[in-house]
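Subject: A structure to look through

Dear colleague,

I am passing on a structure that I would like you to look at alongside this message. Please keep it open while you read, since the notes below go from one part to the next.

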Amino acid sequence: MLKVRIPATSGNLGPGFDTIGMAFRLYNYITFEVLAEGLEIEVSGEGAEEISRGEDNIVYQAAKKVFDKVNYHPSGLRIKLENNIPIARGMGSSASIIGGGMLLANEISGAYLSKDEIFKMAVEMEGHPDNIAPAIFGGMTISVVGIDRVDCLKIEPPKELHGIFAIPDFQLSTMTARKVIPVMIDRSDAVFNISRSSLMVGALMNGDLNLFGKMMEDRLHQPYRMSLIPGMQDVFNQAKERGALSVAISGAGPTLIAFVTGDGTEVAEAMVKAFKKHGISAKTLDLYPDVQGAVLVKTD
Ligand code: HSE
């Protein structure tokens with residue numbers, strides 16, 4: 001029996017669309033046990049009732065890609081998913097179960113693939129690397145998808161930085177949130193984002209959190225997604241007024257993340273209140289970055 005713990009993630013971080021992401025200390029746990037026959041899937045926690053127990057289950061689909069690649073075919077498999085990351089909220093739930101499922105499948109079949117090879121396969125399945133990279137490696141990651149390789153750099157964020165996640169009580173599929181983004185963009189918008197995402201990374205590496213926060217503006221996806229997240233601009237304004245370093249859509253949304261140092265209670269309350277003004281109820285989580293990524297844990 002093998003068990004993996006894999007963190008929630010926030011993709012994009014404003015200007016780093018499909019490129020930058022960060023892992024946070026909220027975890028899904030997945031357990032694999034080889035059986036004599038059949039496929040048994042147990043799910044508990046967030047969205048348990050929505051998750052398929054059949055062969056189309058994403059954990060199983062991810063595992064199967066690895067089994068097929070290394071030519072290992074378990075006689076039967078029990079998959080247990082303890083789901084703590086909200087589903088379809090922009091907190092990397094699918095990246096965590098794809099990455100976790102692939103890592104476990106690799107371990108159970110003899111660990112023929114490296115973590116980098118698993119990373120590449122997981123990126124192919126998810127379609128973008130900004131959640132997969134921090135889910136597997138932890139920290140803040142910057143990833144580049146090439147023709148036959150994926151490169152990734154991991155940076156450990158300063159210890160005092162944490163994120164207030166305002167999680168609205170509605171789901172938004174990544175597919176829907178990608179459809180509203182134009183295919184062609186203006187050169188000035190490209191420069192706007194390249195300059196900010198580059199300086200954002202440099203600022204974090206230098207530990208300059210104020211500069212890091214100032215750079216978290218975006219023109220490639222957030223303005224277009226605003227119509228899908230009622231109250232977004234108000235939540236942004238309120239969080240900043242209460243001292244947040246920066247605010248961004250977490251991944252494809254609808255969750256919004258405000259970065260803070262010190263006590264984030266006021267920021268959290270202001271975000272919930274601003275959502276409420278627009279008829280949206282939201283809960284908050286105050287999470288510190290995870291720097292370990294996916295790790296195998298002891299089974300009980
Ligand atoms: N980079 C992706 C997007 C993240 O913004 O669509 C999806 O989780």
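Isoleucine 30 has leucine 81 as its bridge partner in strand β4, and on another strand pairing isoleucine 30 is itself the bridge partner, in β2, of valine 4. Before going further, please bear in mind that this is a predicted model, and that what follows was computed from its atoms.

The pairing of β2 with β4, which covers residues 76–83, comes to 7 bridges, and the two strands run antiparallel. Another pair of partners is threonine 31 and lysine 80, the latter lying in β4. Strand β1, residues 2–11, is joined to β2 by 10 bridges, and these strands also run antiparallel.

How many bridges join β2 to strand β5, and do the two run parallel or antiparallel? There are 3 bridges between β2 and β5, which spans residues 140–145, and the strands run antiparallel. Within β5, methionine 140 is the residue that stands opposite methionine 22.

Given these pairings, you may wonder about the surroundings of β2. Strand β2 covers residues 20–35, and 12 of its 16 residues are buried, so β2 is largely enclosed by the rest of the structure.

Strand β4 has a further pairing to follow, with strand β3, residues 38–45. Here 8 bridges join the two strands, and they run parallel. In this pairing, glycine 45 has asparagine 83 of β4 as its bridge partner.

Two single residues are also worth finding in the viewer. Serine 143 lies in strand β5, and why does serine 143 count as buried? Its relative accessibility is 3%, and because buried means under 20% relative accessible area, serine 143 falls in that class. Leaving aside residues up to four places away in sequence, serine 143 touches Thr19, Phe119, Pro129, Ala133, Asp151 and Cys152.

The other residue, asparagine 106, is found in helix α2, which runs over residues 93–108. Asparagine 106 counts as buried because its relative accessibility is 4%. With residues up to four places away in sequence again left out, asparagine 106 touches Val66, Ala111, Tyr112, Leu113 and Ile118.

Turning to the whole protein, the secondary structure consists of 10 helices and 11 strands. The C-alpha trace spans about 60 × 40 × 35 Å along the principal axes of the protein. For 300 residues, a compact globule would have a radius of gyration near 19 Å, and the protein agrees with this because its own value is 19 Å. Of the 300 residues, 54% count as buried.

If we take the contacts between residues at least 6 apart in sequence, 75% of them join residues at least 24 apart. The accessible surface comes to about 13300 Å², and carbon and sulfur atoms account for 50% of that area. As for charge, the protein has 29 positive and 36 negative charges, and the mean positions of the two groups are 3 Å apart.

With best wishes

Key. Residues are numbered from 1 along each chain as its sequence is written. This is a predicted model: local features need pLDDT of at least 70, side-chain atom pairs count only at pLDDT 80 or more; totals for chains, interfaces and linings use all residues. Side-chain values use heavy atoms; hydrogens and water are left out. Helices (H or I, at least four residues) and strands (E, at least two) are DSSP runs, numbered from the N terminus. The radius of gyration is taken over C-alpha atoms; the globule rule is 2.2 Å times the number of residues to the power 0.38. Buried means under 20% relative accessible area, exposed over 50%, partly exposed in between (1.4 Å probe, protein chains only). Contact means heavy atoms within 4.5 Å. Accessible areas come from the Shrake-Rupley method with a 1.4 Å probe; for residues, only the protein chains shown count as cover. Lys and Arg count as positive and Asp and Glu as negative; His and the chain ends are not counted. The place of a charge is taken as NZ of Lys, CZ of Arg, CG of Asp or CD of Glu. Two strands pair if DSSP finds at least two bridges between them.
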